[in-house]
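This report covers a sheet, a helix start and a set of aromatic contacts. The sequence and the structure come first.

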Amino acid sequence: MGDISTSPQSPLTILILGGGIAGLTTALSLTKFSPPNSPSPIIKIFEIRPQPATIGGAVNLTPNALRLLSHLGALQEIEAAGYGAPCPAVEVFDLYTGSKIAESDFRGPDGEGLGSPPFSALRITRGEALEGVLAAIAKHANISMMCGKKTIGIHEDEQGVELEFDNGERVKGDVLIGCDGIHSVARLKHVEPERKSEYSGICNAFGFAPRRRVSTTGGFEDTHFEVSGMNFGRRGILLTSFHNREQDSIYVGALMQVPEIASRDGWKAKGADAEKTRQEILERYDGAANPLIRHVIEDARDLYLWPVFTLSKGGKWATERTMLIGDSAHAMPPQGESTGIVFEDGVLFARCLAKWMGGRRAEGAPVKEAFDAYERLRRARIDTAWDESQSVVKTVRDTPWWGHKIKMNIVPWYLWWTRSYREKHFVEDVTTCELGY
């Protein structure tokens, strides 16, 4: 492969596969927490798409996620652009009665949010979140991104890591970080090829519905939710949520059991397929007490289908010079905190690597020490989150009427019982926690 400079005085060259939210926030974290006595790392991001893009609906950035985005300078960009809709709580409704049965609250004891400094939550499209992070990336000269790069080979030895692309180009670095998602090339071609993704049996069909006007007043049609509402039915959960400050558009996300799928990737439904998808959603959520439910499904534009793939619990995350971050290491069903978990991954890994860069690197210690420290710090949290995510699959499965009634009694109790546990994670700040090495 040839030598790569590993002198403690030389900047570390870090290669990142994946130019999505995970890869970009990891790059920001590696820059933010670079030790002051060392030069900033040279970070090269490689994205397979021809330009930065993301497929997905509107995510809820919880207080811990917003806190980390603030540390990384991305939240300031998001706020300056006016992206997203502040979300004080996610409300839970019984689809068939229209009654509110519970909520997951981010207001905190004083109504200002959770943690110190306090943050609430923000419902935002994945595209706008990506734009905010890209704006923060643009302010750092040590970070560059190359798009349209399809990796066909990964070669690693004691000197470093080399990426081979389909156009014949080769790039060398000291460390490789796989942030390339559930179908990760870094995992499948290098770290653990035998660990394949598995379809969870659930699919998210989503789109955005312009908010209807009331003919008599000219105002918007009333919503039963303040910002975000989860509507539980017998055949899935329908999320209805504002995603912008104007509240003139409603994100519609139907999480439902779909035994078979045509593709492992998310895709935009067009023409007859889009109408077929719409009719299936209407059928699944038929009988809603609130007419708004039918209206938003009828009006939803740009319908997408997103099959939820997962990885088995555990697995291998690293080699001597390659580390997997986010979904490439531990993809799981969405459980309300997925985005925050990815941000935490990047920050904690960056802090572990920075500690090695600022100390043990000069002594000739292998970079794997930092990888091992990160895994010791992170494994238990990820295992717990993985276990919790399995309840999402069970909740979404089709159930008879009696099963739905039981579920409507269990959900409020479950949210009450787990509130303190969830709030503990919402107030965490992984930029200051002990690293343990």
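## Strand β12 and its partners

Val 175 and Ile 177 point one way from β12, Leu 176 and Gly 178 point the other way, and all are buried (buried means under 20% relative accessible area, exposed over 50%, and partly exposed in between, with a 1.4 Å probe and protein chains only). In a regular strand, side chains alternate between the two faces of the sheet. Strands here are DSSP runs of E with at least two residues, helices are runs of H or I with at least four residues, and both are numbered from the N terminus. The model is predicted: local features need pLDDT of at least 70 and side-chain atom pairs count only at pLDDT 80 or more, while totals for chains, interfaces and linings use all residues. Residues are numbered from 1 along each chain as its sequence is written, and side-chain values use heavy atoms, with hydrogens and water left out.

Strand β1 (residues 13-17) pairs with β12 (residues 175-178) in the parallel sense over 4 bridges; two strands pair if DSSP finds at least two bridges between them. Ile 14 is opposite Val 175 of β12, and Leu 17 has Gly 178 as its bridge partner in β12. β12 also pairs with β19, again in the parallel sense, over 3 bridges. There, Ile 177 stands opposite Met 323 of β19.

## The sheet and helix α1

These strands belong to an open sheet of 5 strands with parallel pairing, in the order β8-β2-β1-β12-β19. The edges are β8 (143-147) and β19 (322-324); each has a single partner strand, so one side of each has no neighbour in the sheet. On average, neighbouring strands of this sheet are turned by 20° against each other, direction ignored.

Helix α1 (residues 21-32) packs on the sheet and touches β1, β2 (42-47), β8 and β12, where contact means heavy atoms within 4.5 Å. The direction of α1 makes about 180° with that of β2. Axes are lines fitted to C-alpha atoms, for helices over the stretch in contact, and angles run from 0 to 180 degrees between N-to-C directions.

## Helix α7

The buried residues of helix α7 (residues 291-299) are Leu 292, Ile 293, His 295, Val 296 and Ile 297. At the start of α7, a side-chain oxygen of Asn 290 comes to within 2.9 Å of the backbone nitrogen of Leu 292.

## Aromatic pairs

The whole structure holds 13 aromatic pairs. Rings of Phe, Tyr and Trp (its six-membered ring) pair if their centres lie within 6.5 Å; planes under 30 degrees apart are stacked, over 60 edge-to-face, and the rest tilted. Phe 206 and Tyr 251 form a tilted pair, 6.1 Å centre to centre with 45° between the planes. This pair links distant parts of the chain, with Phe 206 in strand β13 (residues 198-210) and Tyr 251 in strand β16 (residues 249-257), 45 residues apart. Phe 206 is buried at 2% relative accessible area, and Tyr 251 is buried at 3%.

Trp 413 and Trp 417 form a stacked pair, 5.8 Å centre to centre with 15° between the planes. Both lie in helix α11 (residues 401-417), 4 residues apart, about one turn of the helix. Trp 413 is partly exposed at 48% relative accessibility, and Trp 417 is exposed at 56%. Elsewhere, Phe 206, Phe 208, Tyr 251 and Tyr 304 form one aromatic cluster.

Technical notes. A polar contact is a pair of N or O atoms within 3.5 Å; within protein, one must be able to donate a hydrogen and the other to accept it, and residues adjacent in sequence count only if both atoms are side-chain atoms.
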